[in-house]
Amino acid sequence: MDVTIFGSGYVGLVTGACLAEVGNTVLCIDIDPAKIDLLNSGGVPIYEPGLDELIKSNREAGRLRFSTDAEAGVRHGLFQFIAVGTPPDEDGSADLQYVLAVARTIGEHMDGYRILVDKSTVPVGTADKVAAAVRETQAARGATVEFDVVSNPEFLKEGAAIEDFMRPDRIIVGTDNPRTAELLRALYAPFNRSHDRLMVMDIRSAELTKYAANAMLATKISFMNELSNIAEAVGADIDKVRVGIGSDPRIGYQFIYPGCGYGGSCFPKDVRALEQTARSLGYDPQLLHAVEAVNFRQKELLFKKINDYFAGDLKGRTIALWGLSFKPNTDDMREASSRVLMESLWAAGASVRAFDPVAADETRRIYGERADLTLAADAMSALDGADALAILTEWAQFRSPNFATVHGKLKTPVIFDGRNILDGRLANAAGLTYVSIGRLPLRPG
Ligand SMILES: NC(=O)C1=CN([C@@H]2O[C@H](COP(=O)(O)OP(=O)(O)OC[C@H]3O[C@@H](n4cnc5c(N)ncnc54)[C@H](O)[C@@H]3O)[C@@H](O)[C@H]2O)C=CC1
Ligand SMILES: O=C(O)[C@H]1O[C@H](OP(=O)(O)OP(=O)(O)OC[C@H]2O[C@@H](n3ccc(=O)[nH]c3=O)[C@H](O)[C@@H]2O)[C@H](O)[C@@H](O)[C@@H]1O
């Protein structure tokens with residue numbers, strides 16, 4: 001089938017590459033010429049495991065193309081996927097300007113029936129706005145070409161995006177038109193083989209399902225973060241508590257890891273957007289507000305712990321950071337906890353020596369060259385001349401360091417583990433103080 005994807009970011013590229021992989025002919029459109037040039041010259045603008053290979057093989061097979069020519073995109077696909085950003089507006093609501101711009105482009109150029117498939121995360125009611133935008137642009141040129149708008153939210157996780165797309169837990173299709181539902185069912189058939197995971201529902205429920213999923217996951221994390229602070233206060237170990245409650249299948253082990261706050265392009269923005277939607281309708285979403293507030297406080301926790309440890313004397317100190325991306329296996333630093341810590345350290349007069357396996361370029365892009373930021377070539381050299389080590393991202397390579405080497409390099413033998421990934425006893429055995437999120441206090445052994 002012929003598919004056009006508007007937006008060649010995380011979601012657009014993964015969707016495009018996976019749909020091409022199963023035999024569709026996919027044209028990816030982006031307004032960013034640099035991104036399209038890079039893709040056309042064999043590069044990939046984001047780090048996502050497996051994506052380079054998938055793009056390369058499908059480009060070579062002629063099933064995956066990239067262009068800035070939106071008109072060609074509209075003419076190409078029966079399915080017109082919208083996978084552009086929906087960043088937060090000033091009040092936290094989702095900014096729909098990119099989604100509606102694509103809708104207008106489609107309305108302007110469509111010459112036959114098209115299915116607009118909204119993959120971007122958008123507030124309830126957006127499909128109506130998309131349809132209105134298509135109708136208005138058609139009317140402006142005196143056209144009345146048939147189309148449908150489908151809500152098809154995406155649930156992939158960065159770092160595991162290909163696997164999530166290829167083997168989804170569910171495929172949500174929001175449409176009131178049974179014929180459109182069948183066409184989407186056919187498109188998704190290769191990803192829906194072992195048992196039927198495609199759920200057809202009304203558009204508004206589909207739109208809300210996406211926010212509900214992210215808000216539920218964010219709630220689990222904030223709940224555990226809240227609990228980790230209570231555990232610290234009462235002298236309990238959050239790790240024991242985590243395992244204790246996770247063993248109940250009604251709770252489960254997933255997404256109950258406490259840490260230095262959730263980040264990324266989605267949880268923070270989607271919780272805020274849902275909160276804003278509720279408020280705009282006169283409902284006070286107290287729980288969502290608390291989820292966000294707890295996360296905000298949690299992102300400041302590591303700085304507080306470091307500052308307390310050094311009795312507020314951070315000026316002139318150097319803190320080593322392991323991990324800059326908001327989670328492992330991605331170079332995405334949107335709303336990353338590392339940013340809150342770095343900015344707080346800089347404000348307190350400290351310098352940062354950081355290492356991340358893939359996010360160094362992104363860090364340079366965001367912060368530029370600055371005297372108080374050094375990007376080290378590897379984890380151990382980030383410790384050179386540092387007063388202490390803080391761990392912000394649970395990259396596998398940070399899990400089992402040589403503690404004696406760490407001890408030998410740090411001016412003050414202390415580790416602040418923002419993701420609870422280290423074995424504190426081993427750190428203690430090497431003479432390091434180990435400070436975690438809600439685990440029992442561990443002192444040098
Ligand atoms: N990143 C993720 O893991 C997930 C994101 N989402 C949602 O998917 C949507 C897209 O997210 P990302 O892929 O992360 O965004 P992104 O920022 O990585 O990519 C968006 C792309 O759209 C392009 N664009 C903007 N206007 C355009 C236009 N008129 N025509 C063509 N391209 C245009 C931009 O240049 C950019 O390359 C958002 O609503 C997000 O909430 C949903 C699930 C997972
Ligand atoms: O809408 C989206 O964009 C996506 O948002 C999240 O995916 P993602 O943001 O890529 O990453 P997650 O693995 O969910 O992690 C988000 C944040 O939560 C943190 N986290 C996660 C799990 C946990 O137990 N504790 C915890 O602090 C991570 O460190 C990270 O900062 C959802 O998991 C995806 O299903 C969804 O499609």
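Where does Cys 266 lie, between which two helices? In this predicted model, Cys 266 sits in the loop that separates helix H10 (238-246) from helix H11 (267-280), where helices are DSSP runs (H or I) of at least four residues, strands (E) are runs of at least two, and both are numbered from the N terminus.

Before going on, local features here need pLDDT of at least 70 and side-chain atom pairs count only at pLDDT 80 or more, while totals for chains, interfaces and linings use all residues. Residues are numbered from 1 along each chain as its sequence is written, and chains are lettered from A and ligands numbered from 1 in the order in which they are written.

UniProt, in an unreviewed entry, lists Cys 266 under "active site", although such annotations may be inferred rather than shown by experiment. Cys 266 counts as buried because 24 other C-beta atoms lie within 10 Å, the cut-offs being 20 or more for buried, 12 or fewer for exposed, and partly exposed in between, with C-beta atoms placed from the backbone.

Turning to ligand 2, Cys 266 is among the residues that come nearest, together with Glu 158, Tyr 257, Tyr 262 and Gly 264, out of 20 around the ligand, a residue being near if its C-beta atom, placed from the backbone, lies within 6 Å. Helix H9 (residues 203-234) gives the most to this shell, with 3 residues, and the shell draws at least three residues from each of domain 1 (2-201) and domain 2 (202-445), whose bounds come from an automatic or database domain assignment. The C-alpha centres of domain 1 and domain 2 lie 32 Å apart.
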